[in-house]
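Biologist: I have a model open and I'd like to learn how to read it. Can you walk me through it, one feature at a time?

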Amino acid sequence: MTETLIAVLSKNALITAFAVVGIIIWLSYWLSDRISAGRIHGSAIAITVGLVLAYFGGVQTGGSKGIADIQWLSGIGLMGGGMLRDFAIVATAYGVDLKELKRAGGRGAISIVLGVLISFTAGAVLAVAFGYRDAISITTIGAGAATYIVGPVTGSAIGATSDIIALSVAAGLVKSILVMTCTPLVARLIGLNNPSSALVFGGLMGTTSGVAAGLAATDPKLVPYGAMTATFYTGVGCLLAPSILYLLVKAIVE
Amino acid sequence: MIIYGVALLGVCLLVGVFLGELLGQIIGVKANVGGVGISMLLLIFLSHWRPIKEKLADGAASGVLFWNAMYIPIVVAMAAKQNVVGALSGGWLAISAGVTAVVLSFALVPILSKASDDPRSLSDEG
């Protein structure tokens with residue numbers, strides 16, 4: 001019987017995902033109401049539960065797709081994959097205030113470049129602190145601290161070894177997970193409560209998944225503004241890191 | 001009809017991502033440059049365009065609003081498929097690089113959003 005059940009769940013993977021995510025969210029909102037008296041937002045709890053499940057999924061299967069590597073939960077991978085994520089992000093733009101976009105557009109653009117530089121520098125300096133001395137490794141790790149896509153793109157462009165590339169992906173993943181979980185906690189402290197600061201936030205953080213989840217857990221109304229700038233960040237990072245930033249690092253360390 | 005809204009979303013995403021790919025090729029990077037951002041702008045502009053606006057008012061908007069509402073569940077699924085083990089297996093360098101990058105970026109948010117003006121003081125400016 002268990003086999004039949006698992007077969008049905010696996011065959012209808014996306015539907016299974018809808019049901020499972022629905023249960024996670026229902027449970028999280030219940031916890032939010034009962035345990036935290038509404039102080040911690042239900043979606044923040046749901047995202048954290050998702051990450052915890054992803055951890056156990058990873059430990060159990062040894063795969064890289066969190067809980068989606070468990071066969072009957074593979075639909076989570078489709079539901080939470082880039083295709084539907086981007087589709088839903090675009091849908092959040094419906095009803096966006098164009099005036100807000102225009103007003104903060106300039107600062108949003110500055111924040112993207114500044115965001116890439118800040119994260120890159122943080123990663124590069126720590127790489128040096130941990131004993132790396134060659135420009136290729138330092139640049140790749142710095143790029144990984146930008147996002148987990150900029151890291152491997154940069155690494156393969158300038159010829160980093162695969163363990164350094166893996167390290168850069170890990171740095172980017174840490175960043176993205178931290179943004180997901182910490183944004184609602186620091187939102188008030190950093191004034192993240194209006195479209196304009198959300199635009200700047202998206203540009204500075206850059207990790208689309210981190211920004212998407214972090215803002216969802218803070219205030220869903222801010223999502224489109226942050227997502228808008230965040231989607232340009234990886235492109236800018238892939239432009240700057242293997243070129244100017246690599247040459248700069250090379251000039252400094254060699 | 002709901003499908004008009006869903007199709008509008010789909011067309012916006014496809015066109016935006018396509019343009020993002022082209023933009024990436026033009027500036028010579030192996031990444032999509034702002035594809036989703038372009039899609040969002042497209043949706044904002046198209047939804048104000050007369051013929052589309054009429055269809056949206058005539059029920060098609062539900063197709064957009066459904067996906068808008070599915071956003072948080074999709075993000076929860078996205079969280080559940082993250083490579084959390086991979087992130088932790090990067091060791092202290094990966095963790096400290098990620099933490100430092102995030103802390104510094106968080107700290108810059110209030111500085112940059114207030115740098116040139118206070119958002120509320122400009123609330124009546126076009």
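**Reading a two-chain helical model**

Modeller: Sure. Keep in mind that this is a predicted model. Let's start with domains: chain B is divided into domain 1, residues 1-80, and domain 2, residues 83-116.

Biologist: How far apart do the C-alpha centres of domain 1 and domain 2 of chain B lie?

Modeller: They lie 29 Å apart.

Biologist: And what does the domain assignment of chain A give?

Modeller: Domain 1 covers 2-80 and domain 2 covers 98-253 in chain A. Their C-alpha centres are 27 Å apart. Six residues of domain 1 of chain A are in contact with seven residues of domain 2 of chain A. On the domain 1 side of that contact you'd find three nonpolar, three polar and no charged residues.

Biologist: Next, secondary structure. How many helices and strands does chain A have?

Modeller: Chain A has 12 helices and zero strands, so in this case I'd read the pattern straight off: α-α-α-α-α-α-α-α-α-α-α-α along the sequence. Chain B has six helices and zero strands, and from the N terminus on its elements run α-α-α-α-α-α.

Biologist: Is chain B compact or spread out, going by its radius of gyration?

Modeller: Here you compare the value with what a globule rule gives for that chain length. For the 126 residues of chain B the rule gives 14 Å, but the radius of gyration is 20 Å, well over that, so chain B is more spread out than a compact globule. Taken along the principal axes, the C-alpha atoms of chain B fill a box of roughly 55 × 40 × 35 Å.

Biologist: What does the comparison with a compact globule say for chain A?

Modeller: Chain A has 20 Å, and a compact globule of 254 residues would have a radius of gyration near 18 Å, which agrees. Its C-alpha trace spans about 65 × 45 × 30 Å along the principal axes.

Biologist: Let's get to packing. What describes two packed helices?

Modeller: The angle between their axes and the distance between the axes. Now the case at hand: helix 3 (residues 42-61) and helix 9 (residues 162-186) of chain A pack at about 155°, with their axes 10 Å apart. Angles over 145 degrees count as roughly antiparallel, and that is therefore how helix 3 of chain A and helix 9 of chain A run relative to each other. Their crossing is left-handed.

Biologist: Which residues of helix 3 of chain A meet helix 9 of chain A?

Modeller: From helix 3 of chain A, A:Ala44, A:Ile47, A:Thr48 and A:Leu51 meet A:Ile177, A:Met180, A:Thr181 and A:Pro184 in helix 9 of chain A. By class, that contact holds six nonpolar, two polar and no charged residues.

Biologist: At what angle do helix 11 and helix 12 of chain A pack?

Modeller: Helix 11 (residues 208-218) and helix 12 (residues 223-253) of chain A pack at about 170°, with axes 9 Å apart. These two helices of chain A are therefore roughly antiparallel to each other. On the helix 11 side, A:Thr208, A:Val211, A:Ala212, A:Leu215 and A:Ala216 take part, meeting A:Val223, A:Gly226, A:Ala227, A:Ala230 and A:Thr231 of helix 12. The classes here are seven nonpolar, three polar and no charged.

Biologist: Now between chains. How many residues of chain B are in contact with chain A?

Modeller: 65 residues of chain B are in contact with 92 residues of chain A. Helix 6 of chain B gives the most to the chain B side, with 19 residues. That side divides into 43 nonpolar, 20 polar and two charged residues.

Biologist: And how do helix 2 of chain A and helix 4 of chain B cross?

Modeller: The axes of helix 2 (residues 13-34) of chain A and helix 4 of chain B come within 10 Å and cross at roughly 95°. That makes helix 2 of chain A roughly perpendicular to helix 4 of chain B. A:Ala17, A:Val21, A:Ile24 and A:Ile25 make the contact from chain A, and B:Pro73, B:Val76 and B:Ala77 make it from chain B. The residues of this contact are seven nonpolar, no polar and no charged.

Notes
Residues numbered from 1 in each chain as written. Chains lettered and ligands numbered in written order. Predicted model: local features only at pLDDT ≥ 70, side-chain atom pairs only at ≥ 80, totals over all residues. Domains from an automatic or database assignment. Axes fitted to C-alpha atoms, helices over the stretch in contact; angles between N-to-C directions. Helix = DSSP H or I, 4+ residues; strand = E, 2+ residues; numbered from the N terminus. Parallel < 35°, antiparallel > 145°, perpendicular 65-115°, else oblique. Left-handed = near helix turned anticlockwise from the far one by under 90°. Contact = placed C-beta atoms within 7 Å. Nonpolar A, V, L, I, M, F, W, Y, C, P; charged D, E, K, R; others polar. Rg over C-alpha atoms; globule rule 2.2 N^0.38 Å.
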